[in-house]
Amino acid sequence: GFPKFFTPNADGINDTWQLSGTDATFQPTSRIFIFDRYGKKLAELNAYDEGWNGIYNTRPLPSADYWFKINLENGRLVKGHFSLKR
C-alpha cells in the first residue's frame, strides 16, 4: 500500500511518503520513482529508504499532487498518485 497524502511539517506524523509493506527482507530490490505533474523525476527510493520528504534540490516543493511508479522485485509495475500538503 501507499499513503494518499503526506504532510512534511516536522510534527512526526506523515512527514514522509513511502511505500508500505516492503523492507530490506520483503521486495528489497523494488525501486520507487516520484514525479511532478510534468513527468520530471524528483526522487528515487528503494524499499527500505525512510521515504520522500517533499524536497527537491534542497528546496521544499509546494502542495500539489505527485505521481509515482514502483518497479516491484517480481516484475510488477504499480503506478499512482498522492498529495503533498503543507
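Is I32 buried or exposed? In this predicted model, I32 is buried, with a relative accessible area of 0%. The close-up views below begin with the sheet and then turn to single residues and a pocket.

**View 1. Five strands in one open sheet.** The sheet is open and built from 5 strands, in the order 1-7-6-2-3, with mixed pairing. Strand 1 and strand 3 are the edge strands, each pairing on one side only. In general, strands of a sheet pair through backbone hydrogen bonds, either parallel or antiparallel.

**View 2. Strand 6 beside strand 7.** Strand 6 covers residues 64-71 and strand 7 covers residues 77-84. The two strands pair in the antiparallel sense, over 8 bridges. One place to look is W67, whose bridge partner in strand 7 is H81.

**View 3. The hairpin of strand 2 and strand 3.** Strand 2 (31-35) runs antiparallel to strand 3 (residues 41-46), and 5 bridges join them. I34 stands opposite A43 in strand 3. The two strands form a hairpin with 5 residues between them. In the turn, G39 has a positive phi of about 90°.

**View 4. I32 and its contacts.** I32 is found in strand 2. Because its relative accessible area is 0%, I32 counts as buried, the limit being under 20%. Leaving aside neighbours within four places in sequence, I32 is in contact with W17, Q18 and L19, with A43, E44, L45 and N46, and with K69 and I70. T58 is 26 residues from I32 along the chain, and the C-alpha atoms of the two are separated by 20 Å.

**View 5. S30 in a loop.** S30 is found in the loop between strand 1 (5-6) and strand 2 (31-35). S30 has a relative accessible area of 0%, so it is buried. The side chain of S30 reaches the backbone nitrogen of E73 at 3.3 Å, which counts as a polar contact because the distance is within 3.5 Å. Not counting residues up to four places away in sequence, S30 touches L45, N46 and A47, as well as N71, L72 and E73.

**View 6. The largest pocket.** Rolling a probe the size of a water molecule over the atoms shows where empty space is left. The largest pocket has a volume of about 150 Å³. Its lining consists of G1, F2, L19, S20, G21, T22, F26, Q27, I70, L72, R76 and V78. These residues divide into 6 nonpolar, 5 polar and 1 charged. L19 and I70 of this lining are also among the contacts of I32, and L72 of the lining is one of the residues that S30 touches.

Technical notes: Residues numbered from 1 in each chain as written. Predicted model: local features only at pLDDT ≥ 70, side-chain atom pairs only at ≥ 80, totals over all residues. Heavy atoms only, no water. Helix = DSSP H or I, 4+ residues; strand = E, 2+ residues; numbered from the N terminus. Buried < 20%, exposed > 50% of the residue type's maximum accessible area, 1.4 Å probe, protein only. Polar contact = N/O pair within 3.5 Å; in protein donor to acceptor, adjacent residues only side chain to side chain. Contact = heavy atoms within 4.5 Å. 1 Å grid on protein atoms, 1.4 Å probe; cavity = no way out; pocket = protein on both sides within 12 Å on 5 of 7 lines; lining within 4 Å. Points joined across faces, edges and corners; volume = space filled by probe spheres on them. Nonpolar A, V, L, I, M, F, W, Y, C, P; charged D, E, K, R; others polar. Pairing = 2+ DSSP bridges.
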